[in-house]
Amino acid sequence: MYDIKAYFEAETIDEATRLLADNPNLIVIAGGTDVLIKIHHGKIQKAELLSIRKIKSLEGIRKLEDGRIIIGPLSTFTQIINDPVIKENIPILAEAALSMGGPQIRNVATIGGNICNGATSADSAPSLFVLNAELKLKGQQGERIVPIQDFYLGPGRVDLKPGEILTEIIISPENYIGYAGHYIKFSARKAMDIAILGVAVLCKIKEGTIFEDVRIGLGVAGPTPLRCPEAEAYAKGKSVSAQVIAEIGRLAVKSTKARTSWRASKEYREHLVEELTQRALKAAIVKAGGEEIA
Amino acid sequence: MFWGFLGRREGSLLRQFRLKVNGKEVQVEAPAGITLLKLLRDYLGLTGTKEGCGEGECGACTVLLDGVAVVSCLLPAAKAEGREVTTIEGLAQGEKLHPLQEAFISEGAVQCGFCTPGMILSAKALLDNNPRPTKDEIREALSGNLCRCTGYSQIVRAVEKAAEVMARGE
């Protein structure tokens, strides 16, 4: 038995934001695979839940004429994995989605919930960070768009103002056209496990040999998912070589604030950042049309 | 829609649930905040679905919701309202077991049996969409189901066998 005191169901965004504005204790629930576990563990007591599952306008994945990809936050991980728009344009997000949980969880859990839960281990986060995803947030006062890098404030804390809900995840064409990426989830088990480290690398290669742009997104390397600005700035314009890739791996560690947990020590996580950034980058280079680097 | 405030204790606020379970329309009164797992086991007497971890890690409580495998321990029963649920009790036709059930028996894929209903439903979700899966596809489809007797090899074999039997139309 869950300690659920009240359960509301909204059918429109307006109804949801109104209910949220009226009752600041309401917790939004979509797939429920994170919220119900918190209730089960007693971390949330006398829960007052607002289900948004019936809001049709929060569903679906589509590509607009201007090339922007709009992902409805109620899209489940299974839908992300199988969606033709995602597979064709931003496969790095499908790779990340496939690494999450097991089939039963992916059938229910939503990408919007994964983001709004605010976990540094969110499997979607490293990929969304390198894609410079933008989040559209709507409240009774209106709507605003926030880059995902600014949305994560701390462990379990995100920039959702009281009464706001996430309504769209937006990927702009300048952030995926010409890019290729690779995602590595490092965990003790392949399924049903939380990442010890998640690494997403997106890159654009000029003339087959020069790094035009390299982006590195990490999960569980700090209190929130993060990017590696030093390594990315170093990479720009450099020739693709094993030495440059090794230096990118070393520099990536500088942006991290890893900590020790029962899953892994800080030192081990830093080692993984250096190593897996290089492996993900090497795979991304090949996908982007560059030469394979041993 | 608002269901009202529920007390902490079970039974303090009841609600009518209407859903289809194993092909039959059911209507049952139960506490509004319960999970689908509890509704099935305690209010509909369908104890074939098991509770293992209770937090979505082990897959013992797997059922099909509109044909899709879900963990019923993390699903508020209200989310199943108006939808179709398939449990292990819904697989056999009269005395005739489903080919998956037959194969689990003949391949020795059942030891303590606690994970078996969930395993079979995950396997059914796979075979309904992909009648001739590869070994890797079977392992992937069962990756959300834990077996602590570690009979995984026999379980994968059983799913392969069931797929063969079903392909022959037996």
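In what order do the strands of the open sheet in chain A run? The order is S4-S5-S10-S6-S7, five strands with antiparallel pairing. Before I go on, a reminder: this is a predicted model.

Let me stay with that sheet. Strand S4, residues 61-63, and strand S7, residues 142-147, stand at the edges of it in chain A. Each has a single partner strand, so one side of each is left without a neighbour in the sheet. What is the average turn between neighbouring strands? It is 20°, with direction ignored.

Now look at one pair. Strand S6 of chain A covers residues 134-139. S6(A) and S7(A) pair in the antiparallel sense, over six bridges. To find the register, start at Glu134(A): Pro147(A) in S7(A) stands opposite.

Something also packs on this sheet. Helix H1 of chain A, residues 13-22, touches S6 and strand S10, residues 165-171. The direction of H1 makes about 130° with that of S10(A).

Next, chain B and its domains. The domain assignment gives two: domain 1 spans 14-90, and domain 2 spans 99-167. Taken over C-alpha atoms, the centres of these two domains of chain B are 21 Å apart. Where they touch, domain 1 of chain B puts in 15 residues and domain 2 of chain B puts in 13.

Which strands supply at least two residues each to the domain 1 side of that contact? In chain B, they are strand S4, 62-65, and strand S5, 68-71. S4(B) gives the largest share of that side, with three residues. As for chemistry, the domain 1 side has eight nonpolar residues, six polar and one charged.

Last stop: a helix pair, also in chain B. Helix H2, residues 99-106, packs against helix H5, residues 152-167. The angle is about 135°, and the axes are 8 Å apart. Why call H2(B) and H5(B) oblique? Angles over 145 degrees would count as roughly antiparallel, and 65 to 115 as roughly perpendicular. The angle of about 135° fits neither range, so the pair is oblique. The crossing of H2(B) and H5(B) is right-handed.

Who makes the contact? From H2(B), we have Pro99(B), Leu100(B), Ala103(B) and Phe104(B). From H5(B), we have Ala158(B), Lys161(B), Ala162(B), Val165(B) and Met166(B). By class, the H2(B) and H5(B) contact counts eight nonpolar residues, no polar ones and one charged.

That is the tour. Questions, please.

How values were computed: Residues are numbered from 1 along each chain as its sequence is written. Chains are lettered from A and ligands numbered from 1 in the order in which they are written. This is a predicted model: local features need pLDDT of at least 70, side-chain atom pairs count only at pLDDT 80 or more; totals for chains, interfaces and linings use all residues. Domain bounds come from an automatic or database domain assignment. Two residues are in contact if their C-beta atoms, placed from the backbone, lie within 7 Å. Helices (H or I, at least four residues) and strands (E, at least two) are DSSP runs, numbered from the N terminus. Ala, Val, Leu, Ile, Met, Phe, Trp, Tyr, Cys and Pro count as nonpolar, Asp, Glu, Lys and Arg as charged, and the others, Gly among them, as polar. Two strands pair if DSSP finds at least two bridges between them. Axes are lines fitted to C-alpha atoms, for helices over the stretch in contact, and angles run from 0 to 180 degrees between N-to-C directions. Angles under 35 degrees count as roughly parallel, over 145 as roughly antiparallel, 65 to 115 as roughly perpendicular and the rest as oblique. A crossing is left-handed if the near helix is turned anticlockwise from the far one by less than a right angle, and right-handed if clockwise.
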